[in-house]
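Thank you for making time this morning. I would like to take you through the aromatic side chains of one model, and then turn to the surface and the chain as a whole.

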Amino acid sequence: MLTRNCLSLLLWVLFDGGLLTPLQPQPQQTLATEPRENVIHLPGQRSHFQRVKRGWVWNQFFVLEEYMGSEPQYVGKLHSDLDKGEGTVKYTLSGDGAGTVFTIDETTGDIHAIRSLDREEKPFYTLRAQAVDIETRKPLEPESEFIIKVQDINDNEPKFLDGPYVATVPEMSPVGAYVLQVKATDADDPTYGNSARVVYSILQGQPYFSIDPKTGVIRTALPNMDREVKEQYQVLIQAKDMGGQLGGLAGTTIVNITLTDVNDNPPRFPKSIFHLKVPESSPIGSAIGRIRAVDPDFGQNAEIEYNIVPGDGGNLFDIVTDEDTQEGVIKLKKPLDFETKKAYTFKVEASNLYLDHRFHSAGPFKDTATVKISVLDVDEPPVFSKPLYTMEVYEDTPVGTIIGAVTAQDLDVGSSAVRYFIDWKSDGDSYFTIDGNEGTIATNELLDRESTAQYNFSIIASKVSNPLLTSKVNILINVLDVNEFPPEISVPYETAVCENAKPGQIIQIVSAADRDLSPAGQQFSFRLSPEAAIKPNFTVRDFRNNTAGIETRRNGYSRRQQELYFLPVIIEDSSYPVQSSTNTMTIRVCRCDSDGTILSCNVEAIFLPVGLSTGALIAILLCIVILLAIVVLYVALRRQKKKDTLMTSKEDIRDNVIHYDDEGGGEEDTQAFDIGALRNPKVIEENKIRRDIKPDSLCLPRQRPPVEDNTDIRDFIHQRLQENDVDPTAPPYDSLATYAYEGSGSVAGSLSSIDSLTTEADQDYDYLTDWGPRFKVLADMFGEEESYNPDKVT
């Protein structure tokens with residue numbers, strides 16, 4: 001601490017003596033007059049007639065950080081030119097840390113730091129000073145600003161903020177190969193002294209690696225470092241400030257360095273000969289053994305490819321690489337036979353897939369080893385002489401006829417006898433038998449090619465010494481055809497001939513089929529039967545390709561004379577013995593147009609008159625339709641005319657005969673009907689509830705307004721209609737309502753025949769035509785009735 005204080009005092013002397021360059025010029029401040037004190041002079045107020053000399057002054061103080069003295073640390077002194085030492089001037093201090101960090105003596109202007117300061121926390125403080133007259137409390141000069149800078153000391157060690165570090169470098173790298181660059185930081189002031197100047201060094205990790213003391217770059221220091229010898233390295237790095245001098249602070253970090261693999265080692269077989277034992281019954285494609293070459297490299301540099309060197313027995317085996325274990329798996333390509341060859345020898349080569357050309361000079365990156373395979377004898381089943389047996393037999397061959405034989409042999413060293421039997425799971429076991437010792441196959445039933453043309457079954461051979469060892473072979477027996485069926489027409493034909501046909505026309509192409517063989521293996525011939533060849537209407541032309549044509553022999557055919565012709569055709573095959581059949585074809589005569597297109601083949605057309613054309617037929621049909629339309633129209637008009645009449649004779653308004661469908665209540669039923677109310681509406685009687693229906697609710701009696709004697713008939717009828725429409729006691733079915741009252745004031749009087757003294761025959765209604773247009777309809781109606789003169793109802 002004493003050394004630091006002495007150094008600080010020396011700096012103040014240098015600054016005060018003007019030996020250092022000022023940091024900032026202040027034109028309003030004069031140079032300090034006291035050479036041994038850190039003083040800032042404040043310029044006083046001058047008379048306008050005085051000439052004042054101006055100069056450069058220091059406006060910056062320095063204070064040591066981490067000051068540990070018992071007394072406040074002296075910083076500097078403020079002084080005004082107007083201060084004559086009489087105690088009339090007061091100095092004030094404001095700004096950063098004024099009163100808390102720094103204090104000032106108001107009389108002398110001395111500034112002290114009252115606590116320890118840390119440059120890394122705050123490197124400088126900006127304050128303002130002013131001189132004030134004690135009596136007037138007025139500033140003697142403008143306020144002046146200055147800086148107190150905290151002077152750094154070496155109190156922070158270098159730190160590796162990114163540590164610990166992890167780095168890799170390929171093995172076998174040359175000296176000086178770059179590994180990693182580390183960096184340490186020092187919180188001290190790098191612009192002052194050597195407190196922040198760091199130097200790097202290796203404390204642990206030599207002689208394998210080195211570090212640049214200034215840059216911190218780590219490099220390899222030994223050549224050909226082998227990963228297979230040592231893979232991991234831990235290096236301890238130190239960073240020291242003060243340029244590495246004695247008394248500097250230091251920090252350390254760890255760098256973990258891993259050597260990455262390169263393909264610098266070839267694969268090597270641990271032994272030169274591998275012995276394997278394989279049973280001769282091993283299936284093709286099965287793994288029969290494994291061999292392995294060792295490669296100390298890692299990852300893809302250790303991947304090995306195995307190959308069989310061409311030589312003795314190498315073509316029976318194959319080798320592939322197991323990607324997980326890097327072993328060579330030997331597989332069987334062809335079947336082994338102990339009786340044929342008992343041992344095989346070949347060489348296997350192991351090499352790296354990925355090579356590094358830098359190490360080719362070290363030699364080939366491959367190795368070879370010898371593989372010896374011994375074949376083990378296994379008790380095997382018998383072996384048939386053929387993989388498939390094909391035999392032929394004619395149909396209808398007598399039962400017990402031998403049609404062929406199979407042969408199986410035991411190839412083992414101690415050969416055993418073989419027994420044969422048919423596999424009972426197959427379909428042909430009931431049609432054939434086999435001799436268990438000789439292996440001959442004979443028929444067991446009569447065969448029919450048309451039923452089954454081919455038989456497929458299996459025969460099993462077993463060793464007498466070990467019946468469990470069996471082998472199986474397929475037997476294919478083709479049944480040969482014997483010509484026993486005659487050929488026939490393949491499909492039924494519908495043959496037609498035109499009435500206007502010419503001789504020599506082919507009207508049908510026919511083909512034949514034979515159940516014995518397919519048409520491709522048979523030749524058919526066609527001809528007419530002898531009885532049809534005498535004056536034939538048609539003939540058969542054989543095309544010599546298993547088809548024939550029906551040919552016309554006449555000039556025109558008549559449907560009226562003969563509609564159908566029956567043509568017998570004889571068909572023969574070419575096998576032995578020759579089979580033939582007679583097939584009758586039906587030929588229908590049809591009417592055709594001039595181009596030969598068939599128009600009609602119906603039987604009904606034969607019975608039409610000769611010479612009746614199509615136009616005539618259409619005309620006849622049209623006349624029939626017109627007559628039917630006239631009849632329908634007449635019937636419809638008659639029905640409409642009957643509806644227009646007022647009513648039938650049974651409903652004649654001149655009669656008072658009322659028809660009922662029910663019998664009513666007999667003589668005691670006096671409420672069923674009252675005809676007097678219909679004849680004289682002036683008679684008002686109390687409305688009575690009908691007994692033939694059940695009313696929904698009790699209705700009040702219907703009040704009928706009185707009708708004047710001179711009320712018009714139309715108004716009367718309209719009123720009655722409304723009454724019936726709104727009458728709640730009306731029945732739910734249609735009923736007859738008769739209105740006999742004709743009104744009063746009519747010059748014609750009553751038209752009813754009930755009160756008339758004369759009969760209907762004596763009445764004359766011609767006078768109705770004289771009553772005007774109102775009675776025109778009535779006059780027409782009674783006039784029509786008179787002309788019609790129906791039977792009178794008495």
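Let me begin with the rule for pairing: the rings of Phe, Tyr and Trp, the last taken by its six-membered ring, form a pair if their centres lie within 6.5 Å, and planes under 30 degrees apart count as stacked, those over 60 as edge-to-face and the rest as tilted. Applied to this structure, which is a predicted model, that rule gives a count of 16 aromatic pairs.

The pair I would show you to begin with is Tyr208 with Tyr233, whose ring centres are 5.0 Å apart and whose planes meet at 55 degrees, so the pair is tilted. Tyr208 belongs to the loop between strand 11 (199-204) and strand 12 (209-211), while Tyr233 belongs to strand 14 (residues 232-240), so the pair ties together parts that are 25 residues apart in sequence. As for their surroundings, Tyr208 counts as partly exposed at 29% relative accessibility, whereas Tyr233, with a relative accessible area of 8%, is buried.

Let me set beside that the pair of Phe432 and Tyr455, which is edge-to-face, with 5.3 Å from centre to centre and 80 degrees between the planes. Here too distant parts of the chain are linked, since Phe432 sits in strand 28 (residues 432-434) and Tyr455 in strand 30 (residues 454-463), 23 residues apart. Both Phe432 and Tyr455 are buried, and together with Tyr431 and Phe457 they form one aromatic cluster.

Rings also have charged partners in this model. The charged end of Lys122 sits over the ring of Tyr125, at 5.3 Å from its centre, and Lys342 lies over the face of Phe338, with 4.8 Å to the ring centre.

Now to the surface. What makes up the nonpolar surface patch of about 390 Å²? The patch is made by Ile620, Leu621, Ile624 and Leu628; of these I would point to Leu628, which has its place in helix 2 (residues 614-644) and is exposed, with a relative accessible area of 54%.

Finally, the chain as a whole. Its secondary structure comes to five helices and 40 strands, and 34% of its 794 residues are buried. Among contacts with a separation of 6 or more, 66% are between residues 24 or more positions apart. The protein chain exposes about 49,500 Å², of which carbon and sulfur atoms supply 53%.

Key
Residues are numbered from 1 along each chain as its sequence is written. This is a predicted model: local features need pLDDT of at least 70, side-chain atom pairs count only at pLDDT 80 or more; totals for chains, interfaces and linings use all residues. Side-chain values use heavy atoms; hydrogens and water are left out. Helices (H or I, at least four residues) and strands (E, at least two) are DSSP runs, numbered from the N terminus. Buried means under 20% relative accessible area, exposed over 50%, partly exposed in between (1.4 Å probe, protein chains only). A charge sits over a ring if NZ of Lys or CZ of Arg is within 6 Å of the ring centre and within 35 degrees of the ring normal. Patches are made of residues with over 30% relative accessible area and no salt bridge: like charges are joined within 9 Å, nonpolar side chains (Val, Leu, Ile, Met, Phe, Trp, Tyr) within 5 Å. Accessible areas come from the Shrake-Rupley method with a 1.4 Å probe; for residues, only the protein chains shown count as cover. A salt bridge is a side-chain nitrogen of Lys or Arg within 4 Å of a carboxyl oxygen of Asp or Glu. Contact means heavy atoms within 4.5 Å.
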